[in-house]
Amino acid sequence: MQNTRVFKMSFAGVYSHYIQKAEKKGRTKEEVDKIIFWLTGYDEKDLQEILNNKTDFETFFKQAPQINPNASMIKGVICGYRIEEIEDELMRNIRYLDKLIDELAKGKSMEKILRK
């Protein structure tokens, strides 16, 4: 998986797509934010700063307060790759987030999405 171009993409640009994807399926921005907070340890104030600064994905994940220890429970295929086989930690974290947003859009309960 060599698509390192995504590392330099603005998180704000992709965040709006996450919101659109969720809302199209009857889910909310608040649920998307809850997923982001769960995965990264950021809070609402941090997220707003990230969006305002147009922080890239690489910086977004490198500065995350704490990747949730249960993130390793996220399994499956995203973009044709099995998440648990992605060796690059940054790419794996990005795909974790993609997978969680997909699960939200597919109607899974927040309890299952957040691996409770």
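**Note on charge pairs in the model**

1. Let's start with R82: at 34% relative accessibility, this residue counts as partly exposed. Keep in mind as you read on that this is a predicted model. The salt-bridge partner of R82 is E84, and their closest N and O atoms are 2.8 Å apart. E84 comes out as partly exposed too, with 36% relative accessibility. Both ends of this bridge therefore fall in the band between the 20% limit for buried and the 50% limit for exposed.

2. Then there is a small network to look at. K8, E58 and K62 are joined into one network by salt bridges that share partners. For the overall tally, a search of the whole structure turns up nine salt bridges.

3. Now the K8 end of that network. The K8–E58 salt bridge has its closest N and O atoms 2.6 Å apart. K8 sits in the segment before helix 1 (11-24), while E58 belongs to helix 4 (residues 57-62), so the bridge ties together parts that are 50 residues apart in sequence. How exposed or buried are the two partners? K8 is exposed, at a relative accessible area of 57%, whereas E58 is buried, at 18%. I'd note that E58 is called buried because its value is under the 20% cut-off.

4. Another bridge to check by eye is K21 with D102, whose closest N and O atoms are 2.2 Å apart. Which elements does this pair tie together? K21 lies in helix 1 and D102 in helix 5 (residues 89-105), so the link spans parts that are 81 residues apart in sequence. K21 is partly exposed, with a relative accessible area of 36%. D102, on the other hand, is buried, with 17%.

5. Finally, the unpaired acids. E23, E30, D43 and E44 form a negative surface patch. Patch members must have no salt bridge and over 30% relative accessible area, so none of these four is a partner in the bridges above. One of them, E44, is in helix 3, which covers residues 44-53. E44 counts as exposed, with 62% relative accessibility, because that value is over the 50% cut-off.

Definitions and conventions
Residues are numbered from 1 along each chain as its sequence is written. This is a predicted model: local features need pLDDT of at least 70, side-chain atom pairs count only at pLDDT 80 or more; totals for chains, interfaces and linings use all residues. Side-chain values use heavy atoms; hydrogens and water are left out. A salt bridge is a side-chain nitrogen of Lys or Arg within 4 Å of a carboxyl oxygen of Asp or Glu. Helices (H or I, at least four residues) and strands (E, at least two) are DSSP runs, numbered from the N terminus. Buried means under 20% relative accessible area, exposed over 50%, partly exposed in between (1.4 Å probe, protein chains only). Patches are made of residues with over 30% relative accessible area and no salt bridge: like charges are joined within 9 Å, nonpolar side chains (Val, Leu, Ile, Met, Phe, Trp, Tyr) within 5 Å. Accessible areas come from the Shrake-Rupley method with a 1.4 Å probe; for residues, only the protein chains shown count as cover. Lys and Arg count as positive and Asp and Glu as negative; His and the chain ends are not counted. The place of a charge is taken as NZ of Lys, CZ of Arg, CG of Asp or CD of Glu.
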